[in-house]
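New to this one? Here is a quick tour to read with the model open beside you.

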Amino acid sequence: MIILLKNGVEKTQVDNLINWVKSQGLSVHLSEGQFQTVLGLIGDVSGVDIDLIRGLSIVENVTRVSEPYKNANRKFHPDDSVIRVGDTKIGGENFTFIAGPCSVESKEQICTIAGEVKAAGANLLRGGAFKPRTSPYDFQGLRGDGIELLLEAKELTGLPIVTEIMDLSHLPLFDCVDVIQVGARNMQNMELLKALGKTDKPVLLKRGLSSTLKELLMSAEYIMAGGNSKVILCERGIRTFETVTRNTLDISAVPALRELTHLPIIVDPSHAAGISRFVKTLSYTAAAAGAHGVMIEVHNDPQNALCDGAQSITPEEFAETVRGANKIREAIAGG
Ligand code: PEP
Ligand code: MN
């Protein structure tokens with residue numbers, strides 16, 4: 001249920017209403033936007049007398065929200081959420097470039113790539129330390145040591161780091177990580193999502209391989225219901241009947257999610273395409289569609305990468321992609 005308040009109501013009146021709602025056994029999400037103040041009621045609202053609330057002098061309107069995701073719902077929070085990571089703001093009017101290798105391989109590799117992507121315009125450094133590989137015989141990542149190397153690259157460049165968590169028991173290793181990634185394979189690992197909901201770390205939540213947007217939003221809701229509202233959604237391609245590309249980039253997910261939710265939306269063209277020469281085009285498409293950023297796999301030696309070399313672009317190609325994506329954004333902003 002959503003209570004839209006009249007303009008200019010006093011804080012004490014709002015507090016009184018919030019306290020009354022809480023006394024009904026519900027929790028409240030307060031969104032104070034530039035133009036509107038909205039109270040989102042979460043819990044079993046079936047017993048709430050909607051006419052009683054409608055009759056209050058400070059209330060403009062009351063509507064029921066049928067979607068099961070409440071915290072993530074745009075109706076609960078009409079303005080875009082903007083999530084701060086170091087000096088970078090993700091969401092709203094901002095466009096964020098997250099770049100780095102699929103996996104952290106060595107100190108030299110991650111530090112070299114970090115310096116190069118930073119010079120090319122990256123805002124955050126990505127790199128997998130724990131890798132969810134399809135085959136148990138493939139490189140599984142440097143695990144805790146990989147996180148240490150990411151922190152060294154951060155120290156060197158100042159870039160905040162994004163890295164994937166695969167298991168709840170590893171959470172203590174992520175204390176100094178700036179953004180925790182939940183990979184496609186773990187999008188519905190509910191226990192992991194609940195645990196991340198108890199932290200105050202931004203979470204980059206990737207869409208599952210065959211998940212609907214509603215399921216993605218319900219997974220975001222798991223994190224937010226625990227008290228952590230810093231969720232960034234990531235469209236990374238879904239499984240379809242097509243085999244030319246690794247996955248199918250669902251570009252319509254971007255405008256659809258922008259309507260359904262206030263959370264930032266990042267596109268990962270690398271895992272969507274699986275082919276490095278398509279990454280630039282898909283990044284441009286993401287910028288044109290209204291994404292809040294892209295996450296791109298960049299490697300200094302893609303042919304010899306230990307993971308996902310075929311979809312990794314070089315730092316030079318990344319620099320070109322940044323320039324082009326920025327031009328597209330400027331063109332759109334210029335109307
Ligand atoms: C990754 O980002 O390296 C990764 C494994 O992504 P996904 O979960 O989208 O497959
Ligand atoms: Mn990868």
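Let's start with Asp308: at 18% relative accessibility, this residue counts as buried, because the cut-off is under 20%. Asp308 sits in the loop between β14 (293-297) and α10 (315-333). Its phi is positive, about 60°, although Asp308 is not a glycine. Keep in mind that this is a predicted model.

**How confident is the prediction?**

- The protein chain averages a pLDDT of 96, and 100% of the residues score at least 70.
- Confidence is lowest in strand β2 (residues 27-32), where the mean is 91.
- At the other end of the scale, strand β12 (residues 231-235) has the highest confidence, at 99.

**Around the ligand**

- Ligand 1 is surrounded by 13 residues, and the closest are Arg126, Lys131, Ala184, Lys206 and Arg236.
- Arg126 has a polar side-chain atom 2.8 Å from an oxygen atom of ligand 1.
- For Arg185, a polar side-chain atom lies 3.0 Å from an oxygen atom of the ligand.
- His271 joins in too: an N or O atom in its side chain is 3.3 Å from an oxygen atom of ligand 1.

**A closer look at Lys206**

- Lys206, one of the closest residues to ligand 1, belongs to strand β11.
- Is Lys206 buried or exposed? Lys206 is buried, with a relative accessible area of 4%.
- Its side chain makes a polar contact with the side chain of Asp268, at 2.8 Å.
- Leaving aside neighbours within four places in sequence, Lys206 has contacts that include Ala184, Arg236, Asp268 and His271.
- Leu216 is also in contact with Lys206, and Leu216 is one of the buried residues of helix α6.

**Helix α6**

- Helix α6 covers residues 213-225, and its 13 residues should span 18 Å at 1.5 Å a residue.
- The end C-alpha atoms of α6 are indeed 18 Å apart, which agrees.
- Buried residues in α6 include Leu213, Leu217, Ala220, Ile223 and Met224, and Glu221 is among them as well.
- What covers those buried residues includes α5 (190-197), β11 (203-206), β12 and α7 (253-260).
- After α6 comes Gly227, with a positive phi near 115°.

**Helix α10**

- α10 has 19 residues and reaches 27 Å from its first C-alpha to its last, close to the 27 Å expected.
- Among the buried residues of α10 are Pro315, Phe318, Thr321, Val322 and Gly324.
- The buried residues of α10 pack against β7, α3, α9 (279-289) and β14.
- Gly335, just after α10, takes a positive phi of about 75°.

**Two nonpolar cores**

- The largest nonpolar core has 61 residues, and those with the most contacts inside it are Val117, Leu125, Leu205, Leu233 and Phe318.
- What does Phe318 touch, leaving aside neighbours within four places in sequence? Phe318 is in contact with Phe97, Ala99, Val117, Ala120, Ala122, Ile296, Val298 and Ile313.
- Apart from that core lies another, of 18 residues, among them Val14, Val45, Ile58 and Val62.

**Val14, from the other core**

- Val14 is part of helix α1 (residues 11-23).
- With 9% relative accessibility, Val14 counts as buried.
- Not counting residues up to four places away in sequence, Val14 touches Leu5, Val9, Leu30, Leu39 and Ile58.
- The C-alpha atoms of Val14 and Met1 are separated by 16 Å, and these two residues are 13 residues apart along the chain.

**Two more loop residues**

- Ser103 is in the loop between β7 (96-100) and α3 (107-120).
- Ser103 is buried, with a relative accessible area of 1%.
- Not counting residues up to four places away in sequence, Ser103 touches Gln109, Gly128, Lys131, Phe139 and Cys307.
- Lys131, which Ser103 touches, is also among the closest residues to ligand 1.
- Arg143 lies in the loop between β8 (124-126) and α4 (144-157).
- Arg143 has a positive phi of about 55°, although it is not a glycine.
- Most residues other than glycine have a negative phi.
- Arg143 is partly exposed, with a relative accessible area of 43%.

Conventions:
Residues are numbered from 1 along each chain as its sequence is written. Chains are lettered from A and ligands numbered from 1 in the order in which they are written. This is a predicted model: local features need pLDDT of at least 70, side-chain atom pairs count only at pLDDT 80 or more; totals for chains, interfaces and linings use all residues. Side-chain values use heavy atoms; hydrogens and water are left out. pLDDT is the predictor's confidence in each residue, from 0 to 100. Helices (H or I, at least four residues) and strands (E, at least two) are DSSP runs, numbered from the N terminus. The expected span of a helix is 1.5 Å times one less than its number of residues. Buried means under 20% relative accessible area, exposed over 50%, partly exposed in between (1.4 Å probe, protein chains only). Contact means heavy atoms within 4.5 Å. A nonpolar core is a set of buried Ala, Val, Leu, Ile, Met, Phe, Trp, Tyr and Cys residues joined through side-chain atoms within 4.5 Å. A residue is near a molecule or strand if one of its heavy atoms lies within 4 Å of it. A polar contact is a pair of N or O atoms within 3.5 Å; within protein, one must be able to donate a hydrogen and the other to accept it, and residues adjacent in sequence count only if both atoms are side-chain atoms.
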